[in-house]
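This report introduces selected features of one structure to a reader who has not met it before. Please keep the sequence and the structure in view while reading.

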Amino acid sequence: MLNLDTPIDYLKGVGTERAQCLKKEAGIHSYGDLLEYYPFRYIDKSQKNFISDLSEDGAPLNIEVKIEKVEEIGQKRVKRLSAIVSDHTGTLELVWFKGIKWIKPKLIVGKSYSVYGKVSRYGRKWNIAHPDIEPIENQKASYSLQPVYHSSEKMGIKGLNSRGIERLTGHLLSVIPKVPEILPEALRTSLQLIPRDTAYRKIHFPSNNRELKEAKARLTFDEFFFLQLEMLMNKQIQQKKLRGFVIDKLGDSFNGFYHQHLPFELTGAQKRVLKEIRRDLASGIQMNRLLQGDVGSGKTIVSLLSMLMLLDAGFQGAIMAPTEILAQQHFEGFKELLAATDIRIALLTGSVKSKEKNEIKAALEEGDIDIIVGTHALLEDNVKFKNLGLVVIDEQHRFGVAQRAKLWKKNSTPPHILVMTATPIPRTLAMTLYGDLDVSVIDELPPGRKPIKTIHKTEKHRLSTFGFIKEQIDKGHQVYIVYPLIEESEKLDYQNLMDGYEAICRHFPLPKYKVSVVHGRMKAEDKDYEMQRFVKGETQIMVATTVIEVGVNVPNASVMVIENSEKFGLSQLHQLRGRVGRGADQSYCILMSSYKLTENARTRLETMVRTNDGFEISEVDLRLRGPGDIMGTRQSGILDLKIADIAKDNQWLVLARKKALELLESDPMLKKQENRQTAVHLMNKMQGKSRWAMIS
């Protein structure tokens, strides 16, 4: 009996040294890992060329040639390997700059080879650098699309370049019997998906594009289906295991505030989300809800009203923010809203003095505080609650899972959880990252808010931009001017900021104009002092790095100027733009950039000018950057997808979630005989082991 968990060391042609290299460089530990080390592209060997077909730089060429001459050229440090090759139409040079020692012995003068690579011109001569080369007699006739695998220099030295991986994979597929099926047969046939065994064989060695497409479709569906199945099963288990506090009636805290002290009418979207939250609280199951809402959509008031729902039942609420500035803003806002009530609220951050901190902790444990607003300080072990009922986590992607879990454990029965984000997440990404959470969306801005007008300007418009800023200040408004902050060039960024600050001060001189400056090198108290001056309206211009991306709410600020805007990601540009447009007046976002822009940078700026819709922006961002960069999930391993692509394969993801839901509705614990192999594969996956089913 053969098991795909078998260590890669035992595969013929591997051995100890190669096994160590495969494990370290490519993460290939077992037969199964090698099977899932998919090609990243394919060479179409059905299209043959001649040397005379050379026409432009970068064009791929697939030729059959004879080697005329092989020589090493140059000194030790700048040595290259050159091979002159020919066919009946002309000659061409092949060049290698690396791996010369092990490539040279394989090049035999007078022998015929199949060569594939991109041509380039050097002076008057054409050449191919580091081509894919193989003796004609070694070519397999069984497939015309040759797989190309990722490799590294260390792998290449061990003979584990793309060709080496191809040979090992071919050998593995020749010795293993049929790979077992893991999808219920009825599901597989209804979707017209090819068998799993066929998919693995065709993804590595497809005869044509149709076979390749079928194999990709099957393996993509598998990845998404089991990811969704795992999340939904976890949610199912959690709901059975974690009972929540039942809040089936609303008392005076909520009703009194809602009917007598709420200073504005809620939007339809806010009311809908509150109903969803109330339904969760009354269900007897612990709430785990993600609240998405664009910048300025009113998530904070929803979080306050949610906490008020629990107070009359004797529970406490906590809201945790990623920065002191944001925590302070929430606290001040809540305090103002709750001023006419007897609800007790406190702020706990790292900068609170020791004596006051101890008093807050004691009051919290005694139950003398109803709502606590804080930062990471709330996670400290000595912060205890009398009866914590609801935890709200703002800008949730800035907290790790372990950090969030600490708050959940601060009660004998886990509290209800509401996580909020103002970074819109594409639907498919939310489905993948937060598939085990219920999702609410506030997709409506409060009435009276005017859409922010976004304009793209280059350096030649600098003086007219300054003139526009003066007009806005003369109308009584305030202005942000933001500079990028890139860790790799911190000194240069700081210099750019200070140069910009000096230029602003020259164009906007005292005493008429006052300018604040905030950057990462300042002490916390100095930063806070400058921020507060701007918040209070004592300065009209705030020159800053991206520290103001989250946490400053100044309704009087009507202009956001983003310098070097081409250096910012779409999500960051959208967040920065959201710092203005908080009042009833028309607001503007001016994107300053250089004349020369990359294609991606141009797409980002054009998207910002075209739309204010954060969800549309997030979809473009997903296409440009991929899911790992957007959510920082490369570190978390959540999106460890080997073949599926969330941005390109979203239709498969939506279908996979639908089918996973249907399967669990008909067989919640996957007990039916026809779902046995699915259950085994899922269980192995959920245990964190890529155990694969036994095959014989």
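## Burial and the pair in helix α5

A residue is called buried when its relative accessible area is under 20%, exposed when that area is over 50%, and partly exposed in between. The model described here is predicted. By this measure, R163 and E166 are both buried.

The side chains of these two residues, R163 and E166, meet in a salt bridge, with a distance of 3.4 Å from N to O. Both belong to helix α5, which covers residues 162–175, and because they are three residues apart there, about one helical turn separates R163 from E166. Residues three or four places apart point the same way, because an α-helix has 3.6 residues a turn.

## Further salt bridges

How many salt bridges does the structure hold? The total is 32. Side chains of opposite charge can pair when their charged atoms come close.

One of these pairs lies in helix α8, residues 209–241, where R210 and E214 are four residues apart, about one turn of the helix. Their side chains meet in a salt bridge of 3.3 Å, N to O. E214 counts as partly exposed because its relative accessibility is 33%.

E459 and R462 form another salt bridge, and their closest N and O atoms are 3.0 Å apart. Is each partner buried or partly exposed? E459 has a relative accessible area of 42% and is therefore partly exposed, whereas R462, at 17%, is buried. Elsewhere, salt bridges with shared partners join E181, E185, R188, R218 and D222 into one network.

## Helix α20 and its two sides

Helix α20 consists of twelve residues, 599–610. From its first C-alpha to its last, α20 reaches 16 Å, close to the 16 Å expected at 1.5 Å a residue.

Which residues of α20 are buried? They are A601, R604, L605, T607 and M608. Seen down the axis of α20, the buried residues fall within an arc of 155°, so they line one face of the helix. On the other side of α20, E599 and R610 are exposed.

What covers the buried residues of α20? The covering elements include two strands, β17 (453–458) and β22 (588–593), together with two helices, α19 (570–577) and α21 (614–625).

Key
Residues are numbered from 1 along each chain as its sequence is written. This is a predicted model: local features need pLDDT of at least 70, side-chain atom pairs count only at pLDDT 80 or more; totals for chains, interfaces and linings use all residues. Side-chain values use heavy atoms; hydrogens and water are left out. The expected span of a helix is 1.5 Å times one less than its number of residues. Buried means under 20% relative accessible area, exposed over 50%, partly exposed in between (1.4 Å probe, protein chains only). The arc is that of the directions from the helix axis to the C-beta atoms. Contact means heavy atoms within 4.5 Å. A salt bridge is a side-chain nitrogen of Lys or Arg within 4 Å of a carboxyl oxygen of Asp or Glu.
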